[in-house]
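Hi everyone, thanks for making time for this one. I'd like to walk you through a single protein chain, from its overall build down to a few individual residues.

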Amino acid sequence: MSELSLLLVEDEANLGQTLRDYLRAKKFNVDLAATCAEARVKFAQMKPAIAILDIGLPDGDGITLAREFRKQSKECVLLFCTALNDPTLRVEGLELGAEDYVTKPFELKELTLRLDRILKSRQITLHNPDEYRYGKLIFWPKRFEIQDADGHISSLGQKECAILELLIEKKNEVVSRDEMIEKIWGENSFPTNRTIDNYIVKLRKWADSDTSQVQITSVRGIGYKLEWKGH
């Protein structure tokens, strides 16, 4: 399963971290912003499929921010998550194109149920994306291409592409060489560990061009792990 990019704009640190971790566990690729200024930068970098916005923010308000986001993207799903249970704000938010307005406090499951309903109605799926974005790093699995942090685009071989997809699917988990062989080469092929290591070389150069976002680390005697470091 792949992930939809989601920008979470929440200035309350504990709630923001809780929501971020919960949504990541639900297979969303979440980045967290605590201010309007930070959210604007991350929205431009991520081009997220979904933006969940608080309304009361230290340097502005989520309504204005959502209006800016809607001008930049007609497709981005907008959802407000706020303690301000004001009918006027609710109407204003929905009129500018937000799909939903959730008031605090709320159950985490309620939020994901609302997201599921929105995604189904928009016919957006978590499977088989055309691209993965991690900050400036981009991976296009169907094109067999990657873009590094400097904007350079490189082609991938079929095995390199399959390895990267597997590492992303199991983000922050160790993927053993045996699992790579089983899932990518199959039972009747017997590549050596050195073969896999050689395939990893180009992928690590791509990740190392922006280690603040992604890093592919080796786990001695076992395999590799793609660590996503977005906040």
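I'll begin with the whole chain, then turn to a pair of helices, and finish with some single residues.

Before anything else, please keep in mind that this is a predicted model. The protein chain contains eight helices and 14 strands. How does its radius of gyration fit with that of a compact globule? For 231 residues, a compact globule would come out near 17 Å, and the protein chain has 19 Å, so the two agree. If you prefer a box, the C-alpha atoms fill one of roughly 65 × 35 × 30 Å along the principal axes.

On burial, 48% of the 231 residues are buried. The chain exposes about 11700 Å², and carbon and sulfur atoms supply 47% of that area. For those of you who like contact maps: among contacts between residues at least 6 apart in sequence, 56% join residues at least 24 apart.

Now to the helices. Helix α7 covers residues 177–185 and helix α8 covers residues 193–208; they pack at an angle of about 80°, and their axes are 11 Å apart. Angles of 65 to 115 degrees count as roughly perpendicular, so that is the word for how α7 sits relative to α8. On the α7 side, the contact is made by Arg177, Met180, Ile181 and Trp185, while α8 brings Asn193, Thr195, Ile196, Asp197 and Tyr199. Sorted by class, that contact has five nonpolar, two polar and two charged residues.

Staying with α7, which of its residues are buried? They are Arg177, Glu179, Met180, Ile181, Ile184 and Trp185. Their cover includes α6 (158–169), β12 (174–176), α8 and β14 (223–228). Right after α7 comes Gly186, with a positive phi near 90°.

Let's move on to two buried residues. Asp54 lies in the loop between β3 (50–53) and β4 (56–57). Is Asp54 buried or exposed? Its relative accessibility is 5%, so Asp54 counts as buried. Setting aside neighbours within four places in sequence, Asp54 is in contact with Val9, Glu10, Asp11, Gly62, Cys81, Thr82 and Lys104. Leu65 is eleven residues from Asp54 in sequence, and their C-alpha atoms are 9.8 Å apart.

The other one is Gln147, in strand β10 (residues 145–147). The cut-off for buried is under 20% relative accessible area, so Gln147, at 18%, counts as buried too. Beyond its neighbours within four places in sequence, Gln147 is in contact with Lys136, Leu137, Ile138, Trp140, His152, Ile153 and Trp206.

Last, some backbone geometry. As background, most residues other than glycine have a negative phi, and most peptide bonds are trans. Here, the peptide bond from Lys104 to Pro105 is cis, with omega near -5°. Pro105 belongs to the loop between β7 (100–103) and α5 (108–121), and Lys104 is one of the contacts of Asp54.

Lys47 has a positive phi, near 50°. Lys47 is in the loop between α2 (36–46) and β3, and it is exposed, with a relative accessible area of 53%. Asn172 also has a positive phi, near 70°, and lies in the loop between α6 and β12. With a relative accessible area of 40%, Asn172 is partly exposed.

That's my tour; thanks for listening, and I'm happy to go back to any part of it.

Conventions: Residues are numbered from 1 along each chain as its sequence is written. This is a predicted model: local features need pLDDT of at least 70, side-chain atom pairs count only at pLDDT 80 or more; totals for chains, interfaces and linings use all residues. Side-chain values use heavy atoms; hydrogens and water are left out. Axes are lines fitted to C-alpha atoms, for helices over the stretch in contact, and angles run from 0 to 180 degrees between N-to-C directions. Helices (H or I, at least four residues) and strands (E, at least two) are DSSP runs, numbered from the N terminus. Angles under 35 degrees count as roughly parallel, over 145 as roughly antiparallel, 65 to 115 as roughly perpendicular and the rest as oblique. Contact means heavy atoms within 4.5 Å. Ala, Val, Leu, Ile, Met, Phe, Trp, Tyr, Cys and Pro count as nonpolar, Asp, Glu, Lys and Arg as charged, and the others, Gly among them, as polar. The radius of gyration is taken over C-alpha atoms; the globule rule is 2.2 Å times the number of residues to the power 0.38. Buried means under 20% relative accessible area, exposed over 50%, partly exposed in between (1.4 Å probe, protein chains only). Accessible areas come from the Shrake-Rupley method with a 1.4 Å probe; for residues, only the protein chains shown count as cover.
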